[in-house]
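Student: I am new to this structure and would like a close look at one part of it, with enough background to place that part in the whole.

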Amino acid sequence: MRLFVRDKGFYKNTAAIAIPIALQSMITIGVNLMDNIMVGTLAETTISAVAQANQFVTLYHICCMGIGMGASVLVARFWGMKDIPSLKTIVTIMLRFCAGLGLLFTLATAFIPDQIMRLYIDDADVIAQGVLYFRYMIPCYLLLGLSLTCTITLRSVGQVRLPLITSIGAFFLNVGGNYIFIFGKFGAPRMGIEGAALGTLIARIFEFSVICGYFLFFDKRIGYRFRDLFMKCRSLLRDYVSVSLPVFVSDTLLALGNSAIAIVMGQIGKSFVSANSITVVTQQLSTVLIQGICQAGSIVTGHTLGEGKKEKAQEQAWTFLMLGVIIGAIGGFIILAISGPVINFYNITEETRAIAFQLMAAIALIIMFQSMNSIMTKGVLRGGGDTKFLMVADILFLWIVSIPLGALAGLVWHMSAFWIYVFLKLDQVIKAVWCVFRLKSGKWIKVIQSRESGPHEADGS
């Protein structure tokens with residue numbers, strides 16, 4: 001088996017999907033970076049409050065990613081089969097689950113914001129600031145969830161341009177709104193942390209209006225319309241649950257794991273939280289191409305298997321793995337190169353600065369393994385329908401290895417920030433190795449049921 005596909009069309013197709021997704025991710029991260037920079041000029045307490053409040057919002061975001069990416073496995077496969085009725089049914093199920101989850105998070109944020117903040121940090125000033133931030137997040141959940149899942153569906157059928165353009169517009173709205181309302185420019189009141197939240201809300205409204213408006217009323221490729229939200233879905237509900245539930249559980253466990261990691265960091269101290277909030281944006285910027293290739297891997301694999309080409313999908317999978325190695329190495333060098341200028345930009349204490357440098361070095365080490373396993377677990381293997389295996393991998397390594405060792409390293413052994421972070425991310429290393437053996441076995445390619453053509457295995461049977 002060749003490690004690199006010799007088909008130029010494969011690389012063009014992958015790039016056509018991955019690059020717009022990566023650019024969109026970069027824009028989203030750019031918004032977060034500008035938020036951090038603007039909020040960081042206020043006070044270190046404010047930085048910690050925004051970082052910890054956003055942990056709960058990120059939990060919902062990742063849960064919606066699980067719902068959407070689980071559905072995208074089926075959407076991409078049905079698109080390859082040209083089975084549009086089944087595709088629409090999957091989208092309806094996805095949107096219903098997303099709306100229900102969004103309602104739960106909305107109610108929690110509206111009625112118990114202080115209790116949510118206390119889960120992440122035990123500092124009265126940070127909690128009070130976080131509660132102020134949460135007020136503006138209440139309407140954001142449904143807006144974020146529905147626009148995100150519709151975006152994932154559009155990408156799964158090759159529609160990547162509109163989400164990119166929408167993100168560009170949201171970027172300028174968010175940054176502009178933050179500048180105006182955080183600092184009280186152009187006659188607006190000086191709102192501080194609430195101004196940052198208001199800028200985010202304005203951007204969410206814009207994204208929802210454009211993405212969902214287009215998807216429900218104008219898109220002709222799928223032809224999904226508002227009335228389809230009320231269609232009967234029983235015929236494919238079992239298939240959706242079988243494929244998507246493990247993805248949702250896996251991504252939710254990942255989100256909860258990240259929240260647990262944030263709780264551990266919060267217990268270590270405010271300086272560790274502030275340092276981590278600085279490094280997170282840098283890490284995200286260095287992995288945007290990984291995110292693009294992850295989703296491209298899932299989509300390309302789904303389309304290839306939907307066409308009944310098993311051997312071709314297997315060969316493409318090895319190429320995606322090698323791309324992960326290369327991109328991970330590049331990402332590590334980028335982190336080391338920019339860590340100094342990024343950290344020195346912030347108005348932070350020397351203790352926080354020292355911790356941030358240690359975290360940057362640890363991230364540069366871990367990112368190679370993160371790149372490999374992400375492109376496999378969130379891309380190729382997921383696109384092949386191997387979602388139950390991936391769920392088990394997330395449960396075992398994150399919750400049994402990384403979180404306990406990270407908690408011990410930080411709260412019991414009191415190790416350096418470098419080793420605390422390495423232990424908290426040790427699951428990335430283990431999963432990278434495990435995914436190689438899974439890929440080699442070929443057991444990751446699963447049968448998907450088509451409403452129109454019956455059982456459809458990857459070899460065309």
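Student: How much area does the chain expose, and what percentage of it do carbon and sulfur atoms supply? After that, please look closely at Trp-444 and the residues it is in contact with.

Tutor: The model is a predicted one. Its chain exposes about 18500 Å², and 66% of that area is supplied by carbon and sulfur atoms.

Some background on the whole chain comes before the close look. There are 16 helices and two strands. Along the principal axes, the C-alpha atoms fill a box of roughly 65 × 45 × 35 Å. The radius of gyration is 22 Å, which agrees with the value near 23 Å that a compact globule of 461 residues would have. Of the 461 residues, 61% are buried. Among contacts with a separation of 6 or more, 83% are between residues 24 or more positions apart.

Confidence should be checked before any detail is read. The mean pLDDT of the chain is 86, and 96% of the residues reach 70 or more. Among the elements, helix H3 (residues 84-111) has the highest mean pLDDT, 94, while strand E2 (residues 454-456) has the lowest, 44. Over residues 452-461 the pLDDT is below 50, although this stretch has 29 contacts in the model beyond near neighbours in sequence. Where pLDDT is low, predicted coordinates should not be read in detail.

Now to the part you asked about. Trp-444 sits in the loop between helix H16 (426-441) and strand E1 (448-450). Although it is placed in a loop, Trp-444 counts as buried because its relative accessibility is 0%, and the cut-off for buried is under 20%. Leaving aside neighbours within four places in sequence, its contacts include Thr-301, Ala-313, Gln-314 and Ala-317. Val-380, Leu-381, Gly-384, Gly-385 and Asp-386 are also in contact with Trp-444, as are Arg-438 and Leu-439. With Gln-314 there is also a polar contact of 3.1 Å between the two side chains. Phe-389 is 55 residues away from Trp-444 along the chain, yet their C-alpha atoms are separated by 8.3 Å.

Gln-316 gives a second view, this time from helix H12 (residues 310-345). At 4% relative accessibility, Gln-316 is buried. Beyond four places in sequence, Gln-316 touches Val-5, Phe-10, Val-300 and Thr-304.

The nonpolar cores give the wider setting. In the largest one, which has 78 residues, Phe-56 and Phe-134 touch the most other members. Helix H2 (residues 44-81) contributes the largest share of this core, 20 residues. A second, separate core has 61 residues, including Phe-10, Ile-278, Phe-389 and Leu-390. Two of these names have come up already: Phe-10 is touched by Gln-316, and Phe-389 is the residue whose C-alpha atom is 8.3 Å from that of Trp-444. Back in the largest core, Phe-56 touches Phe-105, Ala-108, Thr-109, Ile-116, Tyr-120, Phe-134 and Tyr-141, with residues up to four places away left out.

Helix H13 (residues 350-383) holds two further residues to look at, Thr-352 and Gln-370. Thr-352 is buried, at 0% relative accessibility, and a polar contact of 3.0 Å joins its side chain to that of Thr-349. Farther off in sequence, Thr-352 touches Glu-44, Ser-271, Ser-274 and Ala-275. Gln-370 also counts as buried, at 16% relative accessibility. Beyond its neighbours within four places, Gln-370 is in contact with Gln-283, Thr-287 and Gln-428. Gln-370 and Asp-427 are 57 residues apart in sequence, with a C-alpha to C-alpha distance of 9.0 Å.

Two loop residues make a contrast with Trp-444 in exposure. Lys-82 lies in the loop between H2 and H3 and is exposed, with a relative accessible area of 58%. Phe-186 lies in the loop between helix H7 (161-183) and helix H8 (193-217) and is exposed as well, at 75%. Most residues other than glycine have a negative phi. Lys-82, however, has a phi near 65°, and Phe-186 has one of about 55°. Trp-444, by comparison, is a loop residue that counts as buried.

Conventions. Residues are numbered from 1 along each chain as its sequence is written. This is a predicted model: local features need pLDDT of at least 70, side-chain atom pairs count only at pLDDT 80 or more; totals for chains, interfaces and linings use all residues. Side-chain values use heavy atoms; hydrogens and water are left out. A nonpolar core is a set of buried Ala, Val, Leu, Ile, Met, Phe, Trp, Tyr and Cys residues joined through side-chain atoms within 4.5 Å. Buried means under 20% relative accessible area, exposed over 50%, partly exposed in between (1.4 Å probe, protein chains only). Helices (H or I, at least four residues) and strands (E, at least two) are DSSP runs, numbered from the N terminus. Contact means heavy atoms within 4.5 Å. pLDDT is the predictor's confidence in each residue, from 0 to 100. The radius of gyration is taken over C-alpha atoms; the globule rule is 2.2 Å times the number of residues to the power 0.38. Accessible areas come from the Shrake-Rupley method with a 1.4 Å probe; for residues, only the protein chains shown count as cover. A polar contact is a pair of N or O atoms within 3.5 Å; within protein, one must be able to donate a hydrogen and the other to accept it, and residues adjacent in sequence count only if both atoms are side-chain atoms.
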